[in-house]
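Reader: I would enjoy walking through this structure with you, one question at a time. Shall we begin?

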Amino acid sequence: MSRTPLDTVEHAAATPDVELPWAELGLKKDEYERIVEILGRRPTGAELAMYSVMWSEHCSYKSSKVHLRQFGEKAPQSDAMLVGIGENAGVVDVGQGYAVTFKVESHNHPSYVEPYQGAATGVGGIVRDIIAMGARPVAVVDPLRFGAADHPDTKRVLPGVVAGIGGYGNCLGLPNIGGEVVFDACYQGNPLVNAGAIGVMRHEDIHLAKASGAGNKVILYGARTGGDGIGGASILASETFDDAKPSKRPAVQVGDPFQEKLLIECTLEAFREKLVVGIQDLGAAGLSCATSELASNGSGGMRVTLDDVPLRDSTLSPEEILMSESQERMCAVVEPEKVDRFLEICDKWDVIATVIGEVTDGDRLEIYWHGGKIVDVDPRTVAHEGPVYERPYARPDWQDALQADDANALPRPATSEELKDQVLKLVASPNQASKKWITSQYDHFVQGNTVLAQPEDSGMIRVDEETGLGVAIATDGNGRYAKLDPYTGAQLALAEAYRNVATTGARPLAVSDCLNFGSPEDPAVMWQFAEAVRGLADGCLQLGTPVTGGNVSLYNQTGEAAIHPTPVVAVLGVIDDVARRTPVAFQEEGQLLYLLGDTREEFGGSAWSQVVHDHLGGLPPQVDLERERLLAEILISASRDGMIDSAHDLSDGGLVQAVVESALLGGVGARLVVPDGLDAFTFLLSESAGRAIVAVPRSEEVRFNDMCGARGLPATRIGVVDGDAVEVQGEFSLSLAELREAHEGTIPALLA
Amino acid sequence: MARVVVDVMLKPEILDPQGQAVQRALPRLGFDGISDVRQGKRFELEVDGPVDEAALARIHDLAESFLANTVIEDFTVKVEEAAEVAEAAK
């Protein structure tokens, strides 16, 4: 893109007729015209580079913005919320003077192109969001979705992604405590690699991304800037792959976790000494994003000399420097008298740091290169006032037919023997099988504060060693439910994550989301998106858990075929003393098993319908968020008061899946009795929401029953923890050995 | 028998953390004057039979699909002359 002579602002004004490659950079004609209108002249090459990346779908949320507003408009009153949407990550009060920041983001497209580095840099990016808030990262989680488990490309993508997450996280010394792994043919060619991180800080340490105070210096620190990921934001994440000619494919970023570790320590030390006015990490759109967002969030303008940016490759053009997505870089705004100390700290940690500009009292972002002014823009027009689209959306015409294709009408097992076979097949199916082969490649326990990690219902981290204060996080999403009904599907994802947090004994506080959808230019996809956002916003309002931030990933489709709408919801909770947590595993023979909640005939989108009939149709389970809230209260009280020794939420796979998991993890079986009013099939395999199983010590039975009775939560005794088999009286018995082989053998056989 | 060498290097625009670590260590150890280091991989393949065009095409294929990750790496294939092989053996 480099042109001679240098394309300065003056040059641009003098040569209005020069053609710029706006289409190649992913801009539409009307967007380009709008830029010309804003500037009153044609943009320079560098300005075009900035606008194109910042106005891309990935950075500007131009298709999703009008819907995402609901998260603010419908936000429930919550005293816990310290910092809301719009910052690098939301911040939540967890008590005792601690605050927690957490966020989930997608790194879907890069992970498909280069699984290892794509996934690794996804972890790196989300961790930098956390440190930019002033928090020390304490854990990561990774909700993952791949194509069919037996598809050859899954064998290329999955091991790379898993190794990338493990490699980067392990090098940083961050435990990986949760997430999911889901297989579905719809993710073939569009795997979803979402990454979440949690950070902890004291209330007084919260930092916001803004540049205020004329004369303050802008310092770029971390890795040198190279030619990686150029245009990644605008091209890679915002158009479908088949649009991209090979030559358009930008270079993938390669991460360096050891550099990131230095960045964490260096940043936190600078925060401790109160050297930083504003800070921003460099992710998608690199310096374009950091400078324009810092300037537009602050009071004044900013002047940057691009020649001062440390480069890995001296041949880079100014446009490329502005667009580069080189990893492990941050940008800080520092008062002039504190610059020396800041640079000293960077030097101590062996981090390259350079003053590249300063905050001005004007309102323009000006960037210079070789003495010429190549950018002169109002930063708000770049960062916040990009195009907003009211994309047309319409309920797809196939939705009715899909919902009419009722899964409740599918042939059910006729005999006990058939039921047993189907149960065995279910627990061995890739989605229901143990993911130990995958999660054991992550370090769960580094730092020594991990209380619970997968396969527990939520990951839990101790925050304070003295008091035992801890936080829990669960991520959930079910694209099959959401395909059947995006509104309900999004609420089911929220309900499940909420329930998972409560099942471990923690009180749910706040939500982050990662919304993965197909192309917003397809009205059907846009309808799915609009419905899912509405469902999630309504659900969060009802549950009293505000959305603190998140991420939208669109264009997850190959050709005409979009992925299932997949809203992934992360719920963060707090527990006063992690010693009171409730694990999934059965603890002791003789304890009584109770089923909490109501079981209905609900098989739409169920694991059973997928595994046995390869079917997707009907309606997803009903959602009753008031019931979810009550269930959560009971689970939390029971955990705090020592009334239950283990608990497991019921979701995909139904009750039998939960019992098998608890039994295998505890190494002790269960004898179950089908309750009155239910048939064995519905009892075992229905996926009604708002349910959990708990194991109650006999000494606590009366107290526990009284509590459920008083609060009006249905609690049905369904059996006892006992023996070395899962036995359903009058139906079948499956030995733990047989179950273990089925449940734990599948994934290694497919992928190892 | 002939030897074919496949050199695999990260593409120039891709970050090379290993090379950087080496480069940073050099001045500490008293080796000055090296401004950049990039580290790659070298594969020495002993080929049965003649190294003709077909064999080289095969090796190119295997390098492209297996030895190198062409998303982030470049590779070169070259035949080592018999003399060089003998030299190396000494």
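Reader: What percentage of the 752 residues of chain A count as buried?

Author: Happy to start there, with the reminder that this is a predicted model. A residue counts as buried if 20 or more other C-beta atoms lie within 10 Å of its own. Of the 752 residues of chain A, the share that counts as buried is 62%.

Reader: What is the radius of gyration of chain A, and what does the globule rule give for 752 residues?

Author: Chain A holds 26 helices and 28 strands, and its C-alpha atoms fill a box of roughly 85 × 55 × 45 Å along the principal axes. Chain A is as compact as a globular protein of its length, because its radius of gyration is close to what the rule gives. The two values are 26 Å for chain A and 27 Å for the rule.

Reader: How does chain B look on that score: what is its radius of gyration, and what does the globule rule give for 90 residues?

Author: Chain B has 3 helices and 3 strands, which run β-α-β-α-β-α from the N terminus on. Chain B is more spread out than a compact globule, because its radius of gyration is well over what the rule gives. The values are 16 Å for chain B and 12 Å for the rule.

Reader: What percentage of the 90 residues of chain B count as buried?

Author: The C-alpha trace of chain B spans about 50 × 35 × 15 Å along its principal axes. Of its contacts with a separation of 6 or more, 69% are between residues 24 or more positions apart. The share of the 90 residues that counts as buried is 13%.

Reader: Where the two chains touch, how many nonpolar residues does the side of chain B have?

Author: The contact takes 14 residues from chain A and 8 residues from chain B. On the side of chain B, 2 residues are charged and no residue is polar. The number of nonpolar residues there is 6.

Reader: Back to chain A, then. Which strands stand at the edges of the open sheet of 7 strands?

Author: The order in this sheet is S8-S10-S7-S11-S9-S12-S13, and the pairing is mixed. An edge strand has a single partner strand, so one side of it is left without a neighbour in the sheet. From one strand to the next, the twist averages 20°. The edge strands of chain A are S8 (278-281) and S13 (372-377).

Reader: Within that sheet, which residue of S10(A) does Lys217(A) stand opposite?

Author: Strand S7 (residues 217-222) of chain A pairs with strand S10 (residues 329-334) of chain A in the antiparallel sense, over 6 bridges. Lys217(A) has its opposite number in S10(A), namely Val334(A).

Reader: Which helix of chain A lies across S8 and S10?

Author: One helix that packs on the sheet is H11 (residues 286-297) of chain A, which touches S8, S9, S10 and S12 and makes about 155° with the direction of S9(A). The helix lying across S8 and S10 runs at about 175° to S8(A). Its name is H7 (residues 115-132) of chain A.

Reader: Which handedness does the β-α-β unit of S4(A), H8 and S5(A) have?

Author: Strand S4 (residues 136-146) of chain A and S5(A) pair in the parallel sense over 7 bridges, with Pro143(A) opposite Glu180(A). S5 (residues 176-183) is largely enclosed by the rest of the structure, because 7 of its 8 residues are buried. With helix H8 (residues 152-172) of chain A as the link, the unit is right-handed.

Reader: Is Ala195(A) buried or exposed?

Author: Ala195(A) is found in strand S6 (residues 192-202) of chain A. Leaving aside residues up to four places away in sequence, Ala195(A) touches Glu105(A), His107(A), Gly122(A), Val123(A), Ile126(A), Val140(A) and Asp142(A). Its C-alpha atom is separated by 9.6 Å from that of Ala120(A), 75 residues apart along the chain. With 31 other C-beta atoms within 10 Å, where 20 or more are needed, Ala195(A) is buried.

Reader: Which residue of S16(A) does Ile461(A) stand opposite?

Author: Ile461(A) points the way Gly459(A) does from strand S15 (residues 459-462) of chain A, with Met460(A) and Arg462(A) pointing the other way, and all are buried. S15(A) forms a hairpin with S14(A), with 6 residues between them. S15(A) also runs antiparallel to strand S16 (residues 470-476) of chain A, joined by 4 bridges. In S16(A), the residue opposite Ile461(A) is Val471(A).

Notes
Residues are numbered from 1 along each chain as its sequence is written. Chains are lettered from A and ligands numbered from 1 in the order in which they are written. This is a predicted model: local features need pLDDT of at least 70, side-chain atom pairs count only at pLDDT 80 or more; totals for chains, interfaces and linings use all residues. Two strands pair if DSSP finds at least two bridges between them. Helices (H or I, at least four residues) and strands (E, at least two) are DSSP runs, numbered from the N terminus. Axes are lines fitted to C-alpha atoms, for helices over the stretch in contact, and angles run from 0 to 180 degrees between N-to-C directions. Two residues are in contact if their C-beta atoms, placed from the backbone, lie within 7 Å. Ala, Val, Leu, Ile, Met, Phe, Trp, Tyr, Cys and Pro count as nonpolar, Asp, Glu, Lys and Arg as charged, and the others, Gly among them, as polar. A residue is buried if 20 or more other C-beta atoms lie within 10 Å of its own, exposed if 12 or fewer, and partly exposed in between; C-beta atoms are placed from the backbone. A crossover is right-handed if, with the strands pointing away from the viewer, the path from the first strand over the helix to the second runs clockwise. The radius of gyration is taken over C-alpha atoms; the globule rule is 2.2 Å times the number of residues to the power 0.38.
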